[in-house]
Amino acid sequence: MMNEKETISLVTSYVGKLLRTRFGKGPESVSAFLCERCLVLHLRNFMGPVEKFLLTQEEEKAFRYTRELLMESLLPELKAFLQEHTGLDVSEFYYDWGVHNASGVIVGMFNAAPGAPEEYPGKEEVHEQVVKVTAAIQKVPEHIDSWWVTPRMLAVFRQGITVLLEKEMVELGYTEVLKATKRRLEKRMLEQDANAGAILNKTLTDLYADWDFDRDRSVVIYIFQE
């Protein structure tokens, strides 16, 4: 049985090679963070020449669509690897890209039921602000929780947030349009209106968000300065 350090080393090596194979260029670095509820992979300087060109031409839609296709084919392979080689049972993946700094995260949520909710200073206020933003864009979440993955990385999980119009858009095949719109709006509002950094007395460096419309769930990752 591998210890956590060995598991992280194996995972980062594999993910770097997998991304390089599928995208033609791997990230400059892959950092893996493991906690009871999830595995978070933080990718830095991950953007190829073609993707850079798309973004200089203001073609973010094409950039995200291309990555979406590649990630959909890549994640089942990653899930199988984690299960076989590390024993980590990932039930669902979330991912997002920081276009401004060529970064990204891949979040794997575990099947195992979480233990008692983690309490930390400012948690209630963080939840209040996230709920307020979620309600303004969609509706009040049926469930919200958050936990520290590391001392500088906070994960926020929401369930039961999709409204009828969004469900209809997904049914009609407009998932990517919906995600792009929600990312642009929600990330801006989470940064400006639900200022977790101010609540927690930390400086925000990155914010990532993704949704699983089939499960009606969402994960937000806040990354703060050291």
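**Notebook: pockets, cores and rings**

I began with the largest pocket, which holds about 720 Å³ of space. I note that the model is a predicted one. Of the 25 residues lining this pocket, I recorded Glu 60, Arg 64, Ala 180, Arg 183 and Arg 184 as the closest to its centre.

I then looked up which elements build the lining of the largest pocket. At least two residues each come from helix H3 (60-86), strand E3 (90-98), helix H6 (175-192) and strand E7 (204-212). Helix H6 contributes the most, with 11 residues. By class, I noted 12 charged, eight nonpolar and five polar residues in this lining.

**Second pocket**

I turned next to the second largest pocket, with a volume of about 420 Å³. It is lined by 21 residues, and the closest to its centre are Phe 93, Tyr 95, Lys 179, Trp 211 and Asp 212. H3, E3, H6 and E7 each give at least two residues to the lining of this second largest pocket. Which element gives the largest share of that lining? I found that H3 does, with six residues. The classes in the lining of the second largest pocket are nine nonpolar, two polar and 10 charged residues.

**Nonpolar cores**

I looked up the largest nonpolar core and found 30 residues in it. Those with the most contacts inside this core are Val 15, Leu 41, Met 71, Leu 75, Leu 78, Leu 82 and Ile 106. The elements that each supply at least two of the core residues are helix H1 (4-23), strand E1 (29-34), strand E2 (38-44), helix H2 (49-56), H3, E3 and strand E4 (103-110). H3 accounts for the largest share of this core, seven residues.

I followed Met 71 further. Leaving aside neighbours within four places in sequence, I found Met 71 in contact with Phe 23, Tyr 95, Trp 97 and Ile 106. Apart from the largest core lies another core, of 22 residues, and I noted Tyr 120, Leu 190, Val 220 and Phe 224 among them.

**Aromatic pairs**

How many aromatic pairs does the structure hold? I recorded seven aromatic pairs. One of them joins Trp 148 and Phe 224. I entered this pair as tilted, with 5.9 Å centre to centre and 55° between the planes. Trp 148 belongs to strand E5 (residues 143-150) and Phe 224 to strand E8 (residues 217-224), so the pair ties together parts that are 76 residues apart in sequence.

I also asked whether Trp 148 is buried or exposed. Its relative accessibility is 18%, and buried means under 20%, so Trp 148 counts as buried. Phe 224 is buried too, since its relative accessible area is 0%.

Elsewhere, I found a cluster in which ring pairs link Phe 23, Phe 46, Tyr 95 and Trp 97. Three of these names, Phe 23, Tyr 95 and Trp 97, I had already entered as contacts of Met 71.

**Cavity**

My last search was for enclosed space. Over the whole structure, one cavity of 30 Å³ or more is found. The largest cavity has a volume of about 30 Å³. I listed its lining as Tyr 94, Tyr 95, Asp 96, Val 105, Val 107, Tyr 208, Ala 209, Asp 210, Val 219 and Ile 221. E3, E4, E7 and E8 are the elements that give two or more residues to this lining. By class, I counted eight nonpolar residues, two charged residues and no polar ones in the lining of the largest cavity.

Note on methods
Residues numbered from 1 in each chain as written. Predicted model: local features only at pLDDT ≥ 70, side-chain atom pairs only at ≥ 80, totals over all residues. Heavy atoms only, no water. 1 Å grid on protein atoms, 1.4 Å probe; cavity = no way out; pocket = protein on both sides within 12 Å on 5 of 7 lines; lining within 4 Å. Points joined across faces, edges and corners; volume = space filled by probe spheres on them. Helix = DSSP H or I, 4+ residues; strand = E, 2+ residues; numbered from the N terminus. Nonpolar A, V, L, I, M, F, W, Y, C, P; charged D, E, K, R; others polar. Core = buried A, V, L, I, M, F, W, Y, C linked by side-chain atoms within 4.5 Å. Buried < 20%, exposed > 50% of the residue type's maximum accessible area, 1.4 Å probe, protein only. Contact = heavy atoms within 4.5 Å. Phe/Tyr/Trp six-rings, centres within 6.5 Å; stacked < 30°, edge-to-face > 60°.
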